[in-house]
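Reader: I am new to this structure and would like to be guided through it. Could we begin once it is on display?

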Amino acid sequence: MPFTIKELQDSLHKAHETCVGPDDIHDQILKHLPDVSFDALLDFFNDIWDDGVNPPGWSEATVIPIPKPGKDHANATNYRPIALTSCICKTFERMINNRLVWYLEHNGILTAYQSGFRKKRSTMDQIIRLESAVKEAFIQREHSFAVCFDLEKAYDTTWKYGIMKDLHDAGLQGLYA
């Protein structure tokens with residue numbers, strides 16, 4: 001379905017005050033567009049949605065290296081890269097993400113145990129779940145254990161094909177980049 005003015009307005013309302021990307025267009029510019037330009041932006045997004053092809057500039061970013069505190073700044077691995085991307089692209093991504101989250105939530109695809117990146121949930125939910133399990137085991141005079149791990153460079157090691165397959169299996173099909 002084509003995106004609506006309300007979806008575009010909601011996306012812009014949720015925009016954070018961030019730095020501009022390579023296109024030098026700030027969120028404040030987008031929020032204060034005249035109605036005719038606002039309609040043109042929505043038409044632009046719907047054309048991209050229908051064609052499944054992003055503008056080439058949306059693949060570009062201005063990368064700013066931020067030094068990690070307490071680390072040797074002579075070593076390049078001790079910097080955290082911050083990528084500044086197009087605010088127009090981020091607006092469109094929020095519109096798509098809102099639809100995706102709605103679909104996943106309304107179709108019960110996400111497990112009840114997932115708290116990250118979900119409304120009205122946080123890491124505190126998992127901490128409370130762990131505390132409850134430990135207390136219950138203590139009351140029952142049983143053992144309880146937890147395994148916690150942190151993946152270094154987790155995004156870089158994500159199995160992207162597996163994510164795409166999961167989306168396909170959940171009924172979300174289309175063009176995948």
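Author: What follows is a conversation about the core, a loop residue, the cysteines, a surface patch and the salt bridges. Please keep in mind that this is a predicted model.

Reader: Thank you. How many residues are in the largest nonpolar core, and which have the most contacts inside it?

Author: The largest nonpolar core has 15 residues. Those with the most contacts inside it are Leu8, Phe45, Trp58, Phe92 and Met95.

Reader: Which helices each supply at least two residues of this core?

Author: Helix H1 (5–13), helix H3 (35–51) and helix H4 (87–106) each do so. As a general matter, nonpolar side chains in soluble globular proteins tend to be buried together.

Reader: Let me pick one of them. What does methionine 95 touch, not counting residues up to four places away in sequence?

Author: With those set aside, methionine 95 touches Phe3, Glu7, Leu8, Ser11, Leu42 and Phe45.

Reader: Changing topic: where does asparagine 78 lie?

Author: Asparagine 78 is found in the loop between strand E1 (62–67) and strand E2 (79–84).

Reader: And is asparagine 78 buried or exposed?

Author: Asparagine 78 counts as buried, because its relative accessibility is 13% and the cut-off for buried is under 20%. Leaving aside neighbours within four places in sequence, asparagine 78 is in contact with Ile66, Pro67, Lys68, Lys71 and Asp72.

Reader: What about cysteines? How many disulfides are there?

Author: The count comes to 0 disulfides.

Reader: Why is there no bond for cysteine 19?

Author: The closest cysteine sulfur to that of cysteine 19 belongs to cysteine 87 and is 8.8 Å away, so the two are too far apart for a bond. A disulfide would require the sulfur atoms to be within 2.5 Å. Cysteine 87, likewise, is in no disulfide.

Reader: Is cysteine 87 buried or exposed?

Author: Cysteine 87 is buried, with a relative accessible area of 0%.

Reader: Now to the outside. Which residues make the nonpolar surface patch of about 550 Å²?

Author: That patch is made by Phe145, Val147, Phe149 and Leu151. One of these, phenylalanine 149, has its place in the loop between helix H5 (123–139) and helix H6 (160–169). Phenylalanine 149 is exposed, and its relative accessible area is 67%.

Reader: Next, the charged pairs. How many salt bridges does the structure hold?

Author: The structure holds 6 salt bridges. Among them is the one in which the side chains of glutamate 7 and arginine 99 meet, at 2.8 Å from N to O. Glutamate 7 lies in helix H1 and arginine 99 in helix H4, so this pair ties together parts that are 92 residues apart in sequence.

Reader: Which side chain does arginine 118 meet in a salt bridge?

Author: The side chain of arginine 118 meets that of glutamate 105, with an N to O distance of 2.9 Å. Because arginine 118 lies in the loop between H4 and H5 and glutamate 105 in helix H4, the pair ties together parts that are 13 residues apart in sequence. Arginine 118 is buried at a relative accessible area of 10%, whereas glutamate 105 is partly exposed at 33%.

Reader: One more, please. What separates aspartate 169 and lysine 165 in helix H6?

Author: About one helical turn separates them, because they are 4 residues apart in helix H6. The side chains of aspartate 169 and lysine 165 also meet in a salt bridge of 2.8 Å, N to O. Aspartate 169 is exposed, with a relative accessible area of 52%, while lysine 165 is partly exposed, with 40%.

Terms used
Residues numbered from 1 in each chain as written. Predicted model: local features only at pLDDT ≥ 70, side-chain atom pairs only at ≥ 80, totals over all residues. Heavy atoms only, no water. Core = buried A, V, L, I, M, F, W, Y, C linked by side-chain atoms within 4.5 Å. Buried < 20%, exposed > 50% of the residue type's maximum accessible area, 1.4 Å probe, protein only. Contact = heavy atoms within 4.5 Å. Patch = residues over 30% accessible without salt bridge, like charges linked within 9 Å, V, L, I, M, F, W, Y side chains within 5 Å. Areas by Shrake-Rupley, 256 points an atom, 1.4 Å probe, with all protein chains shown as cover. Salt bridge = Lys/Arg side-chain N within 4 Å of Asp/Glu carboxyl O.
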